Amino acid sequence: MRIMFTASNWAGHYMCMVPLAWALRGAGHEVRVACSPSQERGVASTGLMPVPVLDGPDMMESARLAFYVQAMYTPPQAGPRPLPLHPFTGRPMESLNDFDAGELRDFWKKSIEAVQRSYDNAVSFGEHWKPDLVVHDIMAVEGALVAALRGVPSVYASPGFIGTVETEPGLDLVSADPLSCFEKYGVEWGRDRIEYAVDPSPDVAVPPLGGALRLPMRYVPYNGAQGVDPWQLGPVRGKRVCIVWGNSASGVFGANVPALRHAVDAAVQQGAEVVLTAPAEQVEQLGTLPAGVRVLRNCPVELILPHCDLLVHHGSANCYMNGIVAGIPQLALALNYDTLICGRRIDPAGATLTLSGLDTTAEKVDEALRKTLFDHRYRQAAEKLRDGVERAPSPAVVAGLLTRLAAEGGLTAQDVAEAMDNNTEARRVA
């Protein structure tokens, strides 16, 4: 069976699909990952076959532009916030006037052409390779068009917390067909037409999925590959706090977001060992770090978290899900609309605490860090969340469901319930 994945050039979303793609490949199916050229090396490094035919606007540029627009319309009384980076160069600006809005004309023209080219290329590849099933990222719905034209099923793979019929700003991207890419091929499409969604979200934070049939899947962390340093295997003395500041955080918001330094200082003041994983330029911007801070370079967090008491991060769905799987409390210093929404959805479970990372103060960070690090109720809630996620069907079980979907053309809620019951029984026997 041939299974086509379509992945956007936002690397974190692809990483969430890797375990499912591995499971399908391990079951003997042919798997191809349609991606942009910028993702080709990253896809290949996961052991899967990239097909670099997709295109589109640079996601970092688009995110920086969105932050710039947000800054333009933020009233002064909202308080001090970091200035956005220049949307296109990524360099720090001294004033919002440093960006010439006249540059947008070429940006939008190139972006529209790139998106249209991406859909056309995906259709051409689909006609050539003839997949039996398509799995797509919410920001790479070219796969849904390929499936519709081929008359085969398509499935949305969620990174967690992001649904299909979202109305929240920041999560409602590509909700319809604004550039008529589907209409060009005679296909009507909108996110409300998605029929199947693989979703690793905890049951207490399932996002809105409309009429899509939810296929729960156990979240299996994948954050790249790296050797295990011997220190990670040694004993932990006292509390250990892991602070993650990803490439997207510094690439979109710059290296001068005070909340990160606040978190480092607060953890050290509480006597904790700090493990900081962040891009080199971000670490350099922090200046001299206190003793007791160990700096790593983009280390896969699943190597660190089993030996930590708290995860502090910039609010991405990947970080939230990694912390949930590790069963430890989290403090999120969320930087964007979507990450704040993730926090609102999971915070009521009692294992996480989310602050707005762009305008929070050192005092608020210190208070939140002490609470999540020392209040045992956060640890208990985190362990409960982890146990719930671990009961979800594995990627291998979901791969079996998708194989059945491709063979039979459809799945029912009863099919999913039976798979979950069989998964529960297998875990009980084991």
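This is a walk through a predicted model, one selection at a time.

**Stop 1: the whole chain**

Start zoomed out, with everything shown as cartoon. You should find 14 helices and 13 strands in the protein. The radius of gyration is 22 Å, close to the 22 Å that the globule rule gives for 430 residues, so the protein is as compact as a globular protein of that length. Line the view up with the principal axes and the C-alpha atoms fill a box of roughly 65 × 60 × 35 Å.

Now switch on the surface. About 18,900 Å² is exposed, with carbon and sulfur atoms supplying 51% of that area. As for the inside, buried residues account for 51% of the 430 residues.

If you like contact maps, bring one up here. Take the contacts between residues at least 6 apart in sequence: 66% of them join residues at least 24 apart. Colouring by charge is worth a moment too: there are 37 positive and 48 negative charges, and their mean positions sit 5 Å apart.

**Stop 2: helix 11**

Select residues 362-374. That is helix 11, which is 13 residues long. From first C-alpha to last, helix 11 reaches 18 Å, close to the 18 Å expected at 1.5 Å a residue.

Which residues of helix 11 are buried? Show side chains for Val 365, Asp 366, Ala 368, Leu 369, Thr 372 and Leu 373, and you have them. Note that an Asp is in that buried set.

Next, light up what those buried residues pack against. On the strand side, select strand 8 (240-244), strand 11 (310-313), strand 12 (330-334) and strand 13 (352-356). Then add two helices, helix 7 (258-269) and helix 12 (376-390).

**Stop 3: off the end of strand 11**

Keep strand 11 on screen and move to Ser 316, in the loop between strand 11 and helix 9 (317-326). Buried or exposed? Ser 316 counts as buried, at 17% relative accessibility; the cut-off for buried is under 20%. Draw a distance from the C-alpha of Ser 316 to that of Ala 417: the two are 101 residues apart along the chain and separated by 30 Å.

**Stop 4: two positive phi angles**

Most residues other than glycine have a negative phi. Here are a couple of departures to look at.

Go to Phe 161 first. Its phi is near 75 degrees, a positive value in a residue other than glycine. You'll find Phe 161 in the loop between strand 5 (154-157) and strand 6 (196-199). Phe 161 is buried, with a relative accessible area of 0%.

Then jump to Lys 130, where phi is positive at about 55 degrees, again not in a glycine. Lys 130 sits in the loop between helix 4 (104-129) and strand 4 (133-136). With 43% relative accessibility, Lys 130 counts as partly exposed.

**Stop 5: back along helix 4**

From Lys 130, track back through helix 4 to Leu 104. What does Leu 104 touch, leaving out residues up to four places away in sequence? Select Leu 65, Phe 88 and Phe 99 to see those contacts. For a sense of scale, pair Leu 104 with Ile 3: they are 101 residues apart in sequence and 37 Å apart in space, C-alpha to C-alpha.

Step along to Arg 105, also in helix 4. Arg 105 is exposed, with a relative accessible area of 70%. Stretch a C-alpha to C-alpha line over to Val 295 and you get 41 Å, across 190 residues of sequence.

**Stop 6: helix 2**

Last selection: residues 40-44, which form helix 2, with Gly 42 in it. Gly 42 counts as partly exposed, at 34% relative accessibility. Finish by drawing a line from Gly 42 to Ala 249: 207 residues separate them in sequence, and 19 Å separate them in space, C-alpha to C-alpha.

How values were computed
Residues are numbered from 1 along each chain as its sequence is written. This is a predicted model: local features need pLDDT of at least 70, side-chain atom pairs count only at pLDDT 80 or more; totals for chains, interfaces and linings use all residues. Side-chain values use heavy atoms; hydrogens and water are left out. Helices (H or I, at least four residues) and strands (E, at least two) are DSSP runs, numbered from the N terminus. The radius of gyration is taken over C-alpha atoms; the globule rule is 2.2 Å times the number of residues to the power 0.38. Buried means under 20% relative accessible area, exposed over 50%, partly exposed in between (1.4 Å probe, protein chains only). Contact means heavy atoms within 4.5 Å. Accessible areas come from the Shrake-Rupley method with a 1.4 Å probe; for residues, only the protein chains shown count as cover. Lys and Arg count as positive and Asp and Glu as negative; His and the chain ends are not counted. The place of a charge is taken as NZ of Lys, CZ of Arg, CG of Asp or CD of Glu. The expected span of a helix is 1.5 Å times one less than its number of residues.
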